[in-house]
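Subject: The structure we talked about

Hi,

Here is the structure I promised to pass on, with some notes on what turned up in it. Have a look first, and then read on at your own pace.

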Amino acid sequence: MNRVAFPKSVARRCCRAIHHTTWKQCCETQLQSAGPVASLLKSRSVIRFRGPDTLKFLQGLLTNDVRKFGEPIGEKIENLPTPNVPAASPPPIYAALLTPQGRFLFDLFLYKPPTCDAKLDDSGTAPESHPHQPFDLFADVDTSVLDDLLQTFNKYRLRSKVEIDNVSDDFSCWQRYGAGLPEKSSRVEEPEAASVGWGAGVDPTAMSSSHGSDRGWQWFKDPRLLCLGFRGIFPSNITPPLIEADKETDEQNFLLWRIEKGVAEGSTEIPKGEAVPLEYNLAGLNAISFDKGCYVGQELIARTHHRGVIRKRIVPLRFVENDGKELLNKVIPGSEVTNSASGKKAGIVTTALGCRGLGLLRLEEAFKGSGALSIQGQADVKVVAIRPDWWPSEWLQDHPQHTAFA
């Protein structure tokens, strides 16, 4: 992705600077009517944790409860058996690593590949056997901080029996999203996959088209929100199943999709070493367990959560003229948002793409009235803050003046 260089005073505060002068796409994204599309997420790299202490090691570091990966799957997912495809797969987990002071460092999507005894052999009649198979967890992480992330995890590793490797040459991260994807299915895997071999019985042709022989890699519901679609890691030498040639699109479109949903991702959109996780809605995105016990930075998270009042949050933004016409490429990350009615600072733009953006805004200022927000020093650029549909009502119960704007 292209980036814009900012003064250090601004760069420390602002997130990924996606501000393209060549961005011509209408901000009312065509994804709403284009049907499911897929993007290769070049902004994400894949790493692997391997070893008998993997779960214990990560459990003491990350915000979410990774012990779920060690639990029996049972009958949680009902698949018809297909050789080399798991009868059941644990869903991925979204989690974060924090500083000891409770500030955000890195986010991770963790995946547990199927074990041999969860898959059938080539005959489709008996479990595979591999008595010395190591315990692996894979994760997709922000590429821009990959070296720092690996160094940080290795610092914590000490004598733990766990290896941490960069496997980005072998695996890639993909996202499938847009209109037309099922959102209410109880199954964690892509339901359409059953028609092309992922659980469709022993069908060599279908297995080939869906790459079902590649250790069972598959699409999963995004663990954050249903509206974000499906996510998965796949061998880099294949195109994942269900991706039509004319439906593969640039990663910027997924960024736009996330912006419209009010979801930041990665250590630059969620400023590394500075961001307060609850202000970036990580609790609402299923990244935090409040009953798992201790982990690095847990004290601040618990104290803030139990106090119950979050005064600033990441919200989706639209940039418009006085007449409501959308403005393209007029705002950059780091721009200050002010409330012209109260004269107070409302917050800061953290991510900008075309006429859309994300902003860390004070809730008592953000939703006071339509047309009240503008960019400091750019009076002709009005800012519309939007309450995402997925927000819990209690997030606004302490701010009765709040209204959602379309």
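Let's begin with Leu242: at 22% relative accessibility, this residue counts as partly exposed, because buried would require a value under 20%. Leu242 sits in the loop that connects strand 9 (230-235) with helix 6. Its backbone is worth a look as well, since phi of Leu242 is near 75°, a positive value in a residue other than glycine. Please keep in mind throughout that this is a predicted model.

Asn286 can be read alongside Leu242. Asn286 is not a glycine either, yet it has a positive phi of about 60°. You will find Asn286 in the loop between helix 7 (266-269) and helix 8 (298-307). With 41% relative accessibility, Asn286 also counts as partly exposed.

Now for strand 9 and its surroundings. Why is strand 9 described as largely enclosed by the rest of the structure? Six of its six residues are buried, so the description follows from that count. Strand 7 (residues 171-177) pairs with strand 9 in the antiparallel sense, over six bridges. In that pairing, Ser172 stands opposite Phe234 of strand 9. Strand 8 is joined to strand 9 as well, by two bridges, and these two strands also run antiparallel. Here Lys221 stands opposite Phe230 in strand 9.

The loop between strand 8 (220-221) and strand 9 holds Cys227. Is Cys227 buried or exposed? Cys227 is buried, with a relative accessible area of 17%. Cys227 and Tyr177 are 50 residues apart along the chain, and their C-alpha atoms are separated by 7.9 Å.

Another buried residue is Ser267, whose relative accessible area is 4%. Ser267 belongs to helix 7. Which residues does Ser267 touch, not counting those up to four places away in sequence? The partners are Phe104, Leu105, Phe106, Asp107, Asp142, Val145 and Lys272.

Further along the chain there is a barrel to look at. Six strands form a closed barrel in the order 10-13-12-11-14-15, with antiparallel pairing. From one strand to the next, the twist averages 40°. Within this barrel, strand 14 (residues 373-375) and strand 15 (residues 378-385) run antiparallel and are joined by three bridges. Ser374 has Lys382 in strand 15 as its bridge partner. Helix 6 (residues 251-261) lies across strand 10 (312-320), strand 12 (344-353) and strand 13 (356-362). Relative to strand 12, helix 6 runs at about 155°.

Finally, the empty space inside. Rolling a probe the size of a water molecule over the atoms shows where such space is left. How many cavities of 30 Å³ or more are there? The count comes to two. The largest cavity contains about 90 Å³ of space. It is lined by 14 residues, and the closest to its centre are Tyr111, Lys112, Pro113, Trp217 and Phe220. What is the make-up of the lining of the largest cavity? The residues there divide into nine nonpolar, four polar and one charged.

That is the tour for now. Happy to go through any of it with you over coffee.

Best wishes

Conventions: Residues are numbered from 1 along each chain as its sequence is written. This is a predicted model: local features need pLDDT of at least 70, side-chain atom pairs count only at pLDDT 80 or more; totals for chains, interfaces and linings use all residues. Side-chain values use heavy atoms; hydrogens and water are left out. On a 1 Å grid over the protein atoms alone, a cavity is a set of points where a 1.4 Å probe fits but cannot get out, and a pocket is an open set with protein on both sides within 12 Å along at least five of seven lines; lining residues have an atom within 4 Å of a point. Grid points are joined across faces, edges and corners, and a volume is the space filled by probe spheres set on the points. Ala, Val, Leu, Ile, Met, Phe, Trp, Tyr, Cys and Pro count as nonpolar, Asp, Glu, Lys and Arg as charged, and the others, Gly among them, as polar. Two strands pair if DSSP finds at least two bridges between them. Helices (H or I, at least four residues) and strands (E, at least two) are DSSP runs, numbered from the N terminus. Axes are lines fitted to C-alpha atoms, for helices over the stretch in contact, and angles run from 0 to 180 degrees between N-to-C directions. Contact means heavy atoms within 4.5 Å. Buried means under 20% relative accessible area, exposed over 50%, partly exposed in between (1.4 Å probe, protein chains only).
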